[in-house]
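Student: Could you take me through one part of this structure in detail? I would like to follow a helix and the strands around it.

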Amino acid sequence: MASLPSDVAVPSGVVTPDQSADPPESAPITVKIVIAGGFAVGKTTFIGSISDIEPLSTEAAMTEHSLGVDDAGGVSDRKSSTTVAMDFGRIELPGNLWLYLFGTPGQDRFHFMWDDLVKGAIGAVVLVDTERLESCFDAVDYFEARQIPFVVAVNCFDGVARHNLDDVRAALSVRDETPVFYTDARSRQATKQSLVALVTLAMQRIQG
Ligand SMILES: Nc1nc2c(ncn2[C@@H]2O[C@H](COP(=O)(O)OP(=O)(O)O)[C@@H](O)[C@H]2O)c(=O)[nH]1
Ligand SMILES: [Mg+2]
């Protein structure tokens, strides 16, 4: 690009090439969090309640083809669609910090995706429906075996806590240092608290 000779005054209001570019914005710091749990525990709802962007969801109608293939965990009345690959949401925080939320697919036949989903994640929120505790065993085992920090968030369907947290902890036999608490996947505030609990745990791990 031709530059102006240095002795030619630049008329006021004319933007020179040096001024035209906006100062380079620093790249955001991104933090990846996985939202896991069994079928219909509220993962898609959880991400939708807090994401700043319209969550990218890969819901598909459940048809009779899934019968005998996917374990609907006895809650097929609760669901007419399901997440076939994953959910994705984003939260922008002050300080150019972005949280990315990745929801796991609930069906067993998508377990092969988990290794990719958890890559680079600081940890996971395992959502639990106490009426179907067994549906989150896989998730708990997965994160424990890989020493990935996780918290157990008991989703209170209909706002009712049906089991006390010590019983849930004992039934899942999670370690004492693993936080176990109630949440409501539909509530932004409750969802936020769950994420804060996970980030706090992950930071404690990093700091040893
Ligand atoms: N009453 C109640 N319903 C919920 C709650 N969380 C999710 N649901 C409903 O339960 C169903 C399954 O939730 P979804 O988020 O799709 O579960 P996912 O399979 O884990 O993604 C949906 O119809 C939700 O609207 C909750 O905390 N309370
Ligand atoms: Mg879902």
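Tutor: Happy to, and please keep in mind that this is a predicted model. Let's begin just past the end of helix α4, where Q147 follows with a positive phi, near 55°. The helix itself spans residues 137-145 and lies on the path of the chain from strand β5 to strand β6.

Now look at which side of α4 faces inward. A139, V140, Y142 and F143 are its buried residues. Viewed down the helix axis, the buried residues of α4 fall within an arc of 160°, so they line one face of the helix. The face turned away from that buried side carries D141 and A145, both exposed. As for the cover over the buried residues of α4, it includes β1 (29-37), α3 (114-117), β5, β6 and α5.

Next comes β6, residues 150-155, a strand that is mostly covered, with six of its six residues buried. Its side chains can be followed in two sets: F150, V152 and V154 point one way, while V151, A153 and N155 point the other way, and all are buried.

The neighbours of β6 are worth tracing one by one. Strand β5 (residues 121-128) runs parallel to β6, and five bridges join the two. Within that pairing, V126 has V152 of β6 as its bridge partner. The connection from β5 through α4 to β6 is a β-α-β crossover, and it is right-handed.

Strand β7 (residues 180-183) also pairs with β6 in the parallel sense, here over four bridges. In this pairing, A153 stands opposite F181 of β7. Helix α5 (residues 165-172) belongs to the unit that β6 and β7 form with it, a β-α-β arrangement that is again right-handed.

Let's finish on α5, the helix that holds D167. Is D167 buried, exposed or partly exposed? With 13 other C-beta atoms within 10 Å, D167 is partly exposed, because a residue needs 20 or more such atoms to be buried and 12 or fewer to be exposed. D167 also gives you a handle on how the chain comes back on itself in space: T130 is 37 residues away from D167 in sequence, and their C-alpha atoms are 10.0 Å apart.

To put the part together, β6 has parallel partners in β5 and β7, and α4 leads into β6 from β5. On the other side of the path, α5 sits in the unit with β6 and β7, and α5 is also among the elements that cover the buried residues of α4.

Key:
Residues are numbered from 1 along each chain as its sequence is written. Chains are lettered from A and ligands numbered from 1 in the order in which they are written. This is a predicted model: local features need pLDDT of at least 70, side-chain atom pairs count only at pLDDT 80 or more; totals for chains, interfaces and linings use all residues. Two strands pair if DSSP finds at least two bridges between them. A crossover is right-handed if, with the strands pointing away from the viewer, the path from the first strand over the helix to the second runs clockwise. The arc is that of the directions from the helix axis to the C-beta atoms. Two residues are in contact if their C-beta atoms, placed from the backbone, lie within 7 Å.
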